[in-house]
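User: I would like to go through this model with you, beginning with the cysteines. Could you set out the burial terms first?

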Amino acid sequence: MKGYFAIGCEGISKPMNVGALLRTGHAFGAAFCFTVAPVAETVDFGWSDTSSAAGTVPLYTYPDVASLTLPQGCALVGIELMAGSVALPSFRHPRRAVYVLGSERGGLSPEMVARCDHIVQIPTRFSLNLSLAGALVMYDRLISLGRFAPRPIMPGGPTEELPPHVHGGPKVAEG
């Protein structure tokens with residue numbers, strides 16, 4: 001898969017959720033993880049970071065939304081259950097994306113929503129646990145941008161192999 005992604009949260013108050021999000025980000029190949037204005041001390045992840053992701057995946061902490069720095073050309077994607085947001089199954093993930101989830105009780109701040117390039121919602125009846133919502137977004141990114149054999153028409157696994165990757169011809173700059 002080309003590109004990269006990062007995942008983080010704003011205003012989080014439960015270190016176990018940060019640890020679970022960091023562990024899941026590590027499993028899905030996040031380039032880095034972050035927190036913005038955390039309410040709780042996020043250094044101690046308790047028992048939630050069983051993969052020791054904290055020693056493998058960089059974790060950045062920003063004191064406020066204005067301090068959040070992103071790589072050039074990277075889209076900030078807010079995950080929030082709100083009017084006007086795009087349903088996750090209909091969203092085309094940017095090749096370079098940073099996903100941010102809101103606090104457990106309050107969601108994304110108005111400042112963060114204003115800063116986001118896209119707002120996406122997981123089409124559920126009510127809000128999900130922060131780390132579960134993050135896992136669903138990362139999984140959706142994987143299945144929509146990764147290369148997998150096509151799904152069969154009937155229940156079960158693929159009946160055909162993944163087609164070989166075809167490289168395009170050389171590109172010549174016109175000038």
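Analyst: A residue is called buried when its relative accessible area is under 20%, and exposed when that area is over 50%. Please bear in mind that this is a predicted model.

User: Is Cys116 buried or exposed, then?

Analyst: Cys116 has 13% relative accessibility, which is under 20%, so Cys116 counts as buried.

User: And Cys9, buried or exposed?

Analyst: Cys9 is buried, its relative accessible area being 1%.

User: How many disulfides does the structure hold?

Analyst: The structure holds 0 disulfides. For Cys9, the nearest cysteine sulfur belongs to Cys33 and is 8.8 Å away. A disulfide requires two cysteine sulfur atoms within 2.5 Å, so Cys9 is in no disulfide.

User: Where is Cys74?

Analyst: Cys74 lies in the loop between β3 and β4, the latter being residues 75–79. Cys74 is buried as well, with a relative accessible area of 11%.

User: What is Cys74 in contact with, leaving aside neighbours within four places in sequence?

Analyst: Its contacts are Tyr4, Arg96, Ala97, Val98 and Asp117. In addition, the C-alpha atoms of Cys74 and Pro94 are separated by 8.1 Å, although these residues are 20 apart along the chain.

User: Changing topic: what is the strand order in the sheet?

Analyst: The sheet is open, has 7 strands with parallel pairing, and runs in the order β3-β2-β1-β6-β4-β7-β5. At its edges stand β3 (59–62) and β5 (86–87); each has a single partner strand, so one side of each is left without a neighbour in the sheet.

User: Which helix packs on the sheet?

Analyst: Helix α1, residues 15–28, packs there and touches β1, β2 and β6 (96–101). The direction of α1 makes about 175° with that of β1.

User: How many bridges join β1 and β2?

Analyst: Strand β1 (residues 4–10) pairs with strand β2 (residues 32–36) over 5 bridges, in the parallel sense. Within this pairing, Ala6 has Phe32 of β2 as its bridge partner.

User: How many aromatic pairs are found in the whole structure?

Analyst: A search of the whole structure finds 5 aromatic pairs. One of them joins Phe32 and Phe34, with 6.3 Å centre to centre and 50° between the planes. Planes under 30 degrees apart would count as stacked and over 60 as edge-to-face, so this pair is tilted.

User: Are those two phenylalanines, Phe32 and Phe34, buried or exposed?

Analyst: Both Phe32 and Phe34 are buried. Together with Tyr60 and Tyr62, they form one aromatic cluster.

Key. Residues numbered from 1 in each chain as written. Predicted model: local features only at pLDDT ≥ 70, side-chain atom pairs only at ≥ 80, totals over all residues. Heavy atoms only, no water. Pairing = 2+ DSSP bridges. Helix = DSSP H or I, 4+ residues; strand = E, 2+ residues; numbered from the N terminus. Contact = heavy atoms within 4.5 Å. Axes fitted to C-alpha atoms, helices over the stretch in contact; angles between N-to-C directions. Phe/Tyr/Trp six-rings, centres within 6.5 Å; stacked < 30°, edge-to-face > 60°. Buried < 20%, exposed > 50% of the residue type's maximum accessible area, 1.4 Å probe, protein only.
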